[in-house]
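Here are a few notes to help you find your way around this structure. Keep the viewer open as you read, and take the points in order.

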Amino acid sequence: MQSLTLSAVTKTYDGATALDAVGFTVAPGERVALLGHNGAGKSTLMKIVLGLIPCDSGRVEVLGHAPGSTAARAGVSYLPESAAFHPALTGLEQLEYYLRLRGESPALAMRLLERVNLGAAARRRIGTYSKGMRQRVGLAQALIGQPQLMVLDEPTSGLDPVSRRDFYAILDELAASGTAILLSSHALTEVEARTDRIVILSGGRLMADDTLAALRHRASLPIRLHVTARPDTVATVAARLSGSRRNGVGIDLFCGHDDKLARLGDIAWLGSLIEDVEIVPPSLEDIYSHFSRRAAE
Ligand SMILES: Nc1ncnc2c1ncn2[C@@H]1O[C@H](COP(=O)(O)OP(=O)(O)OP(=O)(O)O)[C@@H](O)[C@H]1O
């Protein structure tokens with residue numbers, strides 16, 4: 001059974017279409033990134049999955065149940081983009097409060113805070129926390145009850161690079177134990193490395209739904225071969241590798257997937273004139289622009 005199934009989901013606000021026949025699935029243990037420009041429909045989709053708003057038509061199944069039903073809510077957790085907490089409560093008190101609301105033992109609060117690296121600050125008021133620390137309280141809250149599906153709306157905005165890495169390490173652990181994760185983000189570089197599948201929305205329509213490798217293949221964008229020549233050979237190397245672009249001792253060649261090996265052969269042929277070569281595939285940013293642009297055409 002899929003953890004989340006959306007099929008032909010459509011939603012309009014006062015006649016304006018926010019989601020147009022969107023369909024995709026998230027399997028247990030899968031980490032899926034939901035990408036799209038501002039207004040693409042990401043938050044609308046998440047609200048429908050959480051059962052906060054209904055869709056106009058289509059089918060949504062959350063852990064095999066209707067969104068917002070008691071059974072679905074028991075297995076789903078949510079982290080909004082800017083989690084707001086009571087500034088006068090300590091992190092520990094806030095977590096104990098959420099645990100009681102979910103019918104769990106408040107004694108679990110400290111363990112959850114330690115898991116998100118907030119053990120030392122647990123007895124400080126949330127009003128004194130940084131934005132990153134508040135976001136981690138939000139993550140601790142989302143971990144209550146070992147959710148089977150986590151819905152995370154731009155979860156790493158406001159986190160520093162180390163906190164982001166720690167955050168994704170926790171998501172990896174959860175996914176490894178079978179939790180399905182749907183997260184929206186504008187930080188494409190981090191999503192590229194830390195998710196299994198990419199869903200791209202544009203103007204409420206689904207433009208792409210696949211692994212990064214498959215999207216890369218479909219987009220067939222040029223691959224960059226970055227060649228570093230020895231300082232005294234750069235002009236010769238640039239001339240021999242026709243179609244290249246020079247930048248100091250670096251020389252860039254662009255080629256398609258199918259002629260990559262032939263181009264690498266040309267480079268290898270130059271032997272000791274070359275110091276190094278790096279293969280740079282199109283980034284998620286390039287792929288995202290490709291599929292989003294297609295939507296506008
Ligand atoms: N309550 C509402 N009433 C009317 N229109 C709405 C409402 N909520 C969202 N919309 C519209 O629906 C469209 C999709 O909005 P949504 O918030 O889902 O996009 P998003 O992808 O989450 O954007 P962002 O990245 O800015 O959060 C937008 O055109 C938005 O203006």
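The points below start with the ligand and its surroundings and end with the cysteines.

1. Before anything else, please keep in mind that this is a predicted model.

2. A good place to begin is the ligand. The residues around it are Tyr13, Ala18, His37, Asn38, Gly39, Ala40, Gly41, Lys42, Ser43, Thr44 and His186. If you sort this shell by residue character, you get seven polar residues, three nonpolar ones and one charged.

3. Which helix gives the largest share of the shell around the ligand? That is helix α1, which spans residues 42–50 and supplies three residues.

4. Next, have a look at the polar contacts to oxygen atoms of the ligand. Gly39 places a polar backbone atom 2.7 Å from a ligand oxygen, and for Gly41 a polar backbone atom is 2.9 Å from an oxygen of the ligand. Asn38 takes part through its side chain, where a polar atom lies 3.0 Å from a ligand oxygen. As for how much of the ligand is covered, it exposes 640 Å² when taken alone, and the protein buries 58% of that.

5. Now for the cysteines. How many disulfides does a search of the whole structure find? The result is zero.

6. Two cysteines are worth a click while you are there. Is Cys255 buried or exposed? Cys255 counts as buried because its relative accessible area is 5%, under the 20% cut-off. Cys55 has a relative accessible area of 22%, so this residue is classed as partly exposed.

How values were computed: Residues are numbered from 1 along each chain as its sequence is written. This is a predicted model: local features need pLDDT of at least 70, side-chain atom pairs count only at pLDDT 80 or more; totals for chains, interfaces and linings use all residues. Side-chain values use heavy atoms; hydrogens and water are left out. A residue is near a molecule or strand if one of its heavy atoms lies within 4 Å of it. A polar contact is a pair of N or O atoms within 3.5 Å; within protein, one must be able to donate a hydrogen and the other to accept it, and residues adjacent in sequence count only if both atoms are side-chain atoms. Accessible areas come from the Shrake-Rupley method with a 1.4 Å probe; for residues, only the protein chains shown count as cover. Helices (H or I, at least four residues) and strands (E, at least two) are DSSP runs, numbered from the N terminus. Ala, Val, Leu, Ile, Met, Phe, Trp, Tyr, Cys and Pro count as nonpolar, Asp, Glu, Lys and Arg as charged, and the others, Gly among them, as polar. A disulfide is a pair of cysteine sulfur atoms within 2.5 Å. Buried means under 20% relative accessible area, exposed over 50%, partly exposed in between (1.4 Å probe, protein chains only).
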